[in-house]
Amino acid sequence: MTTSGAVNRQIVLRSLIRGEPTREHFAQVETAVPEPAAGEMLVRNLYFSLEPAIRGWLEGKANYFPPVPIGGVIRGPTAGRIIRSNVVGFQVGELVFGLNRWEDYSLVRADTILLEKIHCEPGAPLSYHLGALGGSGQTAYVGLHEIGHVKPGQTVVVSAAAGAVGSVAGQIARLRGCKVIGIVGSAVKARLLTEQLGFHSAVNYRETLDLTVAVTAQAPEGVDVYFDNVGGATLNAMLPTLKPRGRIVACGMISDYNRSDAPYPITNLWQIVARQLTMQGFLLFTYDSLRPAARAQLAHWVRTGELTVLEDITRGLANTPSAFCKLMTGNTRGKALVEVDDATG
Ligand SMILES: NC(=O)c1ccc[n+]([C@@H]2O[C@H](COP(=O)([O-])OP(=O)(O)OC[C@H]3O[C@@H](n4cnc5c(N)ncnc54)[C@H](OP(=O)(O)O)[C@@H]3O)[C@@H](O)[C@H]2O)c1
């Protein structure tokens, strides 16, 4: 593929975000396609993986990555094809995934965070390698096993359970022989969990007066592992439902991402002492050595039909800001992706 005459469309941050993101926080610009220097390759991005974590990089504050500055290209995981390579071991034509940017063409180095080659197989298209087989599925796998230490017969609760990570986490727990309860924000999502994903039951937190009571009704025996994607009010309500020595997998706290200046107060923290609970956070990119085995197991389950893959794909780079806003308002199911179109249309 040649890049002569091509432009590099990029989505940049127009203004720092407070509260919910809107399309006006973003702008599209066009720049020249960059030339890879020594140690770099040029990747034509084909998919963007939309992640709630990106929201935390858009308000001007450092968290575990530096903030994206105003005018900066939005950082996010992408998958694409190598079209030029000055990196040993990476050939033109190969597919790669890594933490790049929302743009047509990214310069990628061998030390790019999360960088891995993708090998598509029949039944597992490229998009699956950003979701169920990629970062989302691997997060679910590592979180449940390394942090949650799930065992057959246990009771597992997953929040944001119809989402990219949650839908896989719940299915893995079911495949490990656990009783699985999902917490979601709509009746449609609740039905999806029980009718298509094999969850034992689902609780719609938007139609529940008391989430602690609702979860306890589904799990009177107590919860062994709570896989927390949400934090805030949901975490607070879950604390009294756990068994003594129960475990909380702190995967994410999306309910506070749009209100980081005033996070929800956790008033039930004493339950961690009273019930001798363990709550542990983790970040997937620090568990690189576990990712190949996680991917292989997830791919096996997809092949055998035991793992159902949910995707929410938006087409067109220009629609990336709207797709991200949709993710951050709870209006997606499964993995939120953008399929990047060709700039020439
Ligand atoms: N630790 C890691 O390495 C790692 C890696 C990837 C992702 N994560 C975290 O995992 C979590 C899920 O990420 P994902 O990519 O799978 O996203 P996702 O679950 O596909 O999408 C977000 C979902 O979160 C729920 N949500 C949105 N706003 C909310 C709010 N204010 N209060 C409660 N729930 C809200 C919505 O579901 P409902 O309609 O059901 O509310 C929404 O559909 C996030 O917290 C993310 O940061 C962590």
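**Entry 1. Ser49 and its surroundings**

I began with Ser49, which lies in strand S3, residues 40-49. Strands (E, at least two residues) and helices (H or I, at least four) are DSSP runs, numbered from the N terminus. I note that the model is predicted, that local features need pLDDT of at least 70 and side-chain atom pairs pLDDT 80 or more, and that totals for chains, interfaces and linings use all residues. Residues are numbered from 1 along each chain as its sequence is written, and side-chain values use heavy atoms, with hydrogens and water left out.

Is Ser49 buried or exposed? I found Ser49 buried, with a relative accessible area of 0%. Buried means under 20% relative accessible area, exposed over 50%, and partly exposed in between, with a 1.4 Å probe and protein chains only.

I then looked up the polar contacts of Ser49. Its side chain is joined to that of Glu51 by a polar contact of 2.6 Å. A polar contact is a pair of N or O atoms within 3.5 Å; within protein, one must be able to donate a hydrogen and the other to accept it, and residues adjacent in sequence count only if both atoms are side-chain atoms. Not counting residues up to four places away in sequence, Ser49 touches Ile54, Pro77, Leu130, Lys335, Ala336 and Leu337. Contact here means heavy atoms within 4.5 Å.

**Entry 2. Lys335**

I followed the contact list to Lys335, which is placed in strand S15, residues 335-339. Lys335 counts as buried because its relative accessibility is 4%. What does its side chain reach? I recorded the backbone oxygen of Leu50 at 3.4 Å, and a polar contact of 2.8 Å with the side chain of Ser49. Leaving aside neighbours within four places in sequence, the contacts of Lys335 include Glu51, Leu130, Gly131, Ser136 and Ala164.

**Entry 3. Pro77**

Pro77, another residue touched by Ser49, lies in strand S4, residues 75-85. Pro77 counts as buried, at 5% relative accessibility. I compared its position with that of Phe48: the two are 29 residues apart in sequence, and their C-alpha atoms are 6.1 Å apart. Among the residues that Pro77 touches, beyond four places in sequence, are Tyr47, Phe48, Ser49, Phe97 and Asn100.

**Entry 4. Leu317**

I located Leu317 in the loop between strand S14 (311-315) and helix H8 (320-328). Leu317 is buried, with a relative accessible area of 0%. Beyond its neighbours within four places in sequence, Leu317 is in contact with residues including Arg9, Ile11, Phe48, Asp104 and Val340. I also checked Ser167, 150 residues away along the chain, and found the C-alpha atoms of the two residues separated by 26 Å.

**Entry 5. Aromatic rings**

A pair of aromatic rings is described by the distance of the centres and the angle of the planes. How many aromatic pairs does the structure hold? I noted 11 aromatic pairs. Rings of Phe, Tyr and Trp (its six-membered ring) pair if their centres lie within 6.5 Å; planes under 30 degrees apart count as stacked, over 60 as edge-to-face and the rest as tilted.

The rings of Tyr64 and Phe65 have centres 5.1 Å apart and planes at 50°, so I entered the pair as tilted. Tyr64 is partly exposed, with a relative accessible area of 38%, whereas Phe65 counts as buried at 11%. The rings of Phe282 and Tyr287 have centres 6.3 Å apart and planes at 80°, so this pair is edge-to-face. Phe282 counts as buried, at 8% relative accessibility. I also recorded one aromatic cluster formed by Phe26, Phe48, Trp102 and Phe324.

**Entry 6. Helix H1**

Helix H1 spans residues 135-147, and 12 of its 13 residues are buried. Among these I listed Gly135, Ser136, Tyr141, His145 and Ile147. Just after H1, His149 takes a positive phi of about 50°.

**Entry 7. The ligand**

Which of the 26 residues around the ligand come nearest? I listed Val165, Lys189, Tyr205, Asn229 and Leu284; a residue is near a molecule if one of its heavy atoms lies within 4 Å of it. Ligand oxygen atoms lie 2.7 Å from a polar backbone atom of Val165 and 2.6 Å from a polar side-chain atom of Lys189. The ligand taken alone exposes 920 Å², of which the protein buries 89%; accessible areas come from the Shrake-Rupley method with a 1.4 Å probe.
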